[in-house]
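Hi,

Here is the structure I said I would pass on. Have a look at it first, and then read my notes below.

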Amino acid sequence: MPVTVLLVDDEPLVRAGLRAVLDAQPDIEVVGEAADGASVVPLVRQLRPDVVAMDVRMPLLDGIQATRAVLRTVDSPPKILVVTTFENDEYVYEALRAGADGFLLKRSRPSEIVHAVRLVAEGETLLFPAAVRALAAEYGNRGARAVLERAALTEREEAVLRLMARGLTNVEIASELIVGAETVKSHVSAILAKLGARDRTQAVIMAYESGFVSPA
């Protein structure tokens, strides 16, 4: 079955460009489009896409609010890929904090766009660009630090979390640590449970905000 995608952007040319790139792939299908975040929840319920490629800045309902609405009101919600023009946009960071699963610049090459959709669909977060990692560090909060301290991660779980923060997939982490991919998957599940994180993205944000991982 192909990965199904809903495109959400107030610029028709951007949607057309993304559709052309994604529909050219045999394993990806664009099933719908929306020009504003206000249309996202009804379309997600109707189309049941695997991934929503969501612009952050839109006139009626922005990507942050739309992300929250999808995750709050839709059962088994899709993965949400934030698509934006500026990598150092605080809106992007807020969307990630709200529960978006990854980040993509509109100027990305077609191969990068396709890779991002596939990666998010598989449930493995994207590498945050340096500017977004720096924003996470600036947002540093005591709550995140307290959660990390209470979590009492094992030495191996700490190593896995650091590699997750670098944007490595389970297979890449397994290669780095010379263990099996299933072992890494078990460690990731344990990390999410201990941190009370919804997914990998939330765990990585917590790692940066707490100072556990440096943005450098």
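Before the notes, one term: a helix here is a DSSP run (H or I) of at least four residues, and helices are numbered from the N terminus. Also keep in mind that this is a predicted model.

With that in hand, start at helix α4, which covers residues 90–98. Its buried residues are Val 92, Tyr 93, Ala 95, Leu 96 and Ala 98. An α-helix has 3.6 residues a turn, so residues three or four places apart point the same way. Gly 99 follows α4, and its phi is positive, near 125 degrees.

Helix α8 (residues 155–165) also has a glycine with positive phi just after it: that one is Gly 167, at about 90 degrees. Within α8, Glu 157, Val 160, Leu 161, Leu 163, Met 164 and Ala 165 are buried. So there is a Glu on that list too.

Next, the helix pairs.

What do α8 and α9 do where they meet? The axis of α8 comes within 10 Å of the axis of α9 (residues 170–177), and the two cross at roughly 130 degrees. That angle makes α8 oblique to α9. The crossing is right-handed. On the α8 side the contact uses Arg 156, Ala 159, Val 160, Leu 163 and Met 164, and on the α9 side Ile 173, Glu 176 and Leu 177. Sorted by class, that is six nonpolar residues, two charged and no polar ones.

Then there is α10 (residues 181–195) with α11 (residues 200–209): their axes are 10 Å apart and the packing angle is about 65 degrees. This crossing is left-handed. Val 188, Leu 192 and Leu 195 of α10 touch Arg 200, Ala 203 and Met 206 of α11. Five of the residues in this contact are nonpolar, one is charged and none is polar.

The third pair is α1 and α5 (residues 110–121), with axes that come within 10 Å and cross at roughly 75 degrees. That makes α1 roughly perpendicular to α5. Here Leu 18, Val 21 and Leu 22 come from α1, while α5 supplies Pro 110, Ile 113, Val 114 and Val 117. By class the contact has seven nonpolar residues, with no polar and no charged ones.

Finally, two single residues to click on.

Ala 53 sits in strand β3 (residues 51–55). Is it buried or exposed? Its relative accessible area is 5%, under the 20% cut-off, so Ala 53 counts as buried. Leaving out residues up to four places away in sequence, Ala 53 touches Val 5, Leu 6, Leu 7, Val 8, Leu 81 and Val 83. Take Leu 7 from that set: Leu 7 and Ala 53 are 46 residues apart in sequence, yet their C-alpha atoms are 5.0 Å apart.

Asp 9 is in the loop between β1 (3–8) and α1 (12–23). With a relative accessibility of 2%, Asp 9 is buried as well. Where does its side chain reach? The side chain of Asp 9 comes to 2.8 Å from the backbone nitrogen of Glu 11. Beyond its neighbours within four places in sequence, Asp 9 is in contact with Val 14, Arg 15, Ala 34, Ala 35, Asp 55, Met 58 and Lys 106.

Cheers

Technical notes: Residues are numbered from 1 along each chain as its sequence is written. This is a predicted model: local features need pLDDT of at least 70, side-chain atom pairs count only at pLDDT 80 or more; totals for chains, interfaces and linings use all residues. Side-chain values use heavy atoms; hydrogens and water are left out. Buried means under 20% relative accessible area, exposed over 50%, partly exposed in between (1.4 Å probe, protein chains only). Axes are lines fitted to C-alpha atoms, for helices over the stretch in contact, and angles run from 0 to 180 degrees between N-to-C directions. Angles under 35 degrees count as roughly parallel, over 145 as roughly antiparallel, 65 to 115 as roughly perpendicular and the rest as oblique. A crossing is left-handed if the near helix is turned anticlockwise from the far one by less than a right angle, and right-handed if clockwise. Contact means heavy atoms within 4.5 Å. Ala, Val, Leu, Ile, Met, Phe, Trp, Tyr, Cys and Pro count as nonpolar, Asp, Glu, Lys and Arg as charged, and the others, Gly among them, as polar. A polar contact is a pair of N or O atoms within 3.5 Å; within protein, one must be able to donate a hydrogen and the other to accept it, and residues adjacent in sequence count only if both atoms are side-chain atoms.
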